[in-house]
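Work through the exercises below with the sequence and the model at hand. Try each task before you read its solution.

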Amino acid sequence: MGFYVAARRVRGISHRKSHTPCQDAAQVARNRGGLAGSAPGSMEDELVFGAVADGGGSRSLSQIGARLAVSLAVSSMRSAWNATSLHRASEPDLDSYWQALYLDCRRALELEAMARLQGSKGRPPTAGDFACTLILFMGTRKRLAAAQVGDGFLVLGRQSLDDEVGEPDIDFRLVFQNREFEEAGQVVWLTANDWAEDLRTTVLDCQVDFLLASSDGMEKAVLEPAADGALALQPGRGYFRQLRSGCRQTVAESLRTESVQSALEGYLDAV
């Protein structure tokens, strides 16, 4: 059995009150095939992709920027990678790919601004009007590669080494730790001049049991202070254990009755 994937976005209370659109965008996808030595369709043979972007609240076209960045990024990852190529890639190879992909997404926003210059009324749009954050990941059951510009978070869940009899326990961790300046709301956007300095990348060779990427809107509700740092955060264990359990139960109940992805999307809408 491979991964089950779903992506949802919700228009927050403050956006509804101010009659502004949801400025988040999210997309997931997967490729099957390519990992030598694995059975076709097996979990080792599958590569999943995900992207989450959060448009800048004060930027007039940020919801469009978020959607464009997410769509381009997932399309690029699906075209460029399968399980075999990800497992063979070195960290420098992946760093170079992330740099190029984020630059492509940034250029796409610049081109969108230029395309809207003709016929625009009032102040002409700039790339900054499409400002957004961007979290990207791709992973198999044995390797995760990820990148991030701006705030938001990516949580990895993996089976703990001291499992007891019965349901294995899961350890949850942040793939990228929050930065101190993010506490003050000083977000670096993909369209900012210093985006490359803010870009964080990583490769983790480990068991991948669970992944969740989110914009910062959920941060205060599901992350908690870590014991080893005043400003460091960690996933709220109770929340993520319950979320994972609910997802697993939803999958089990829907396998014979409906689309698993639709069922997962419905569950995520309810939590």
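**Exercise 1: Two cysteines**

Cys132 counts as buried because its relative accessibility is 0%. Buried means under 20% relative accessible area, exposed over 50%, and partly exposed in between (1.4 Å probe, protein chains only). This is a predicted model: local features need pLDDT of at least 70, side-chain atom pairs count only at pLDDT 80 or more, and totals for chains, interfaces and linings use all residues. Residues are numbered from 1 along each chain as its sequence is written, and side-chain values use heavy atoms, with hydrogens and water left out.

Task: Explain why Cys105 forms no bond with Cys132.

Solution:
1. Start with the rule: a disulfide is a pair of cysteine sulfur atoms within 2.5 Å.
2. Cys105 is buried, because its relative accessibility is 1%.
3. The closest cysteine sulfur to that of Cys105 belongs to Cys132, 8.0 Å away, so it is too far for a bond.
4. By the rule, the count is zero disulfides.

**Exercise 2: Ser254**

Task: Place Ser254 in its helix and find what it touches.

Solution:
1. Ser254 is in helix α7, residues 237–254. Helices are DSSP runs (H or I, at least four residues), numbered from the N terminus.
2. Ser254 counts as buried, because its relative accessibility is 2%.
3. A polar atom of the Ser254 side chain lies 2.8 Å from the backbone oxygen of Thr250.
4. Leaving out residues up to four places away in sequence, Ser254 touches Val260 and Ala263. Contact means heavy atoms within 4.5 Å.

**Exercise 3: Leu111**

Task: Is Leu111 buried or exposed?

Solution:
1. Leu111 lies in helix α4, residues 91–115.
2. Its relative accessibility is 54%, so Leu111 counts as exposed.

Notes
Helices (H or I, at least four residues) and strands (E, at least two) are DSSP runs, numbered from the N terminus. A polar contact is a pair of N or O atoms within 3.5 Å; within protein, one must be able to donate a hydrogen and the other to accept it, and residues adjacent in sequence count only if both atoms are side-chain atoms.
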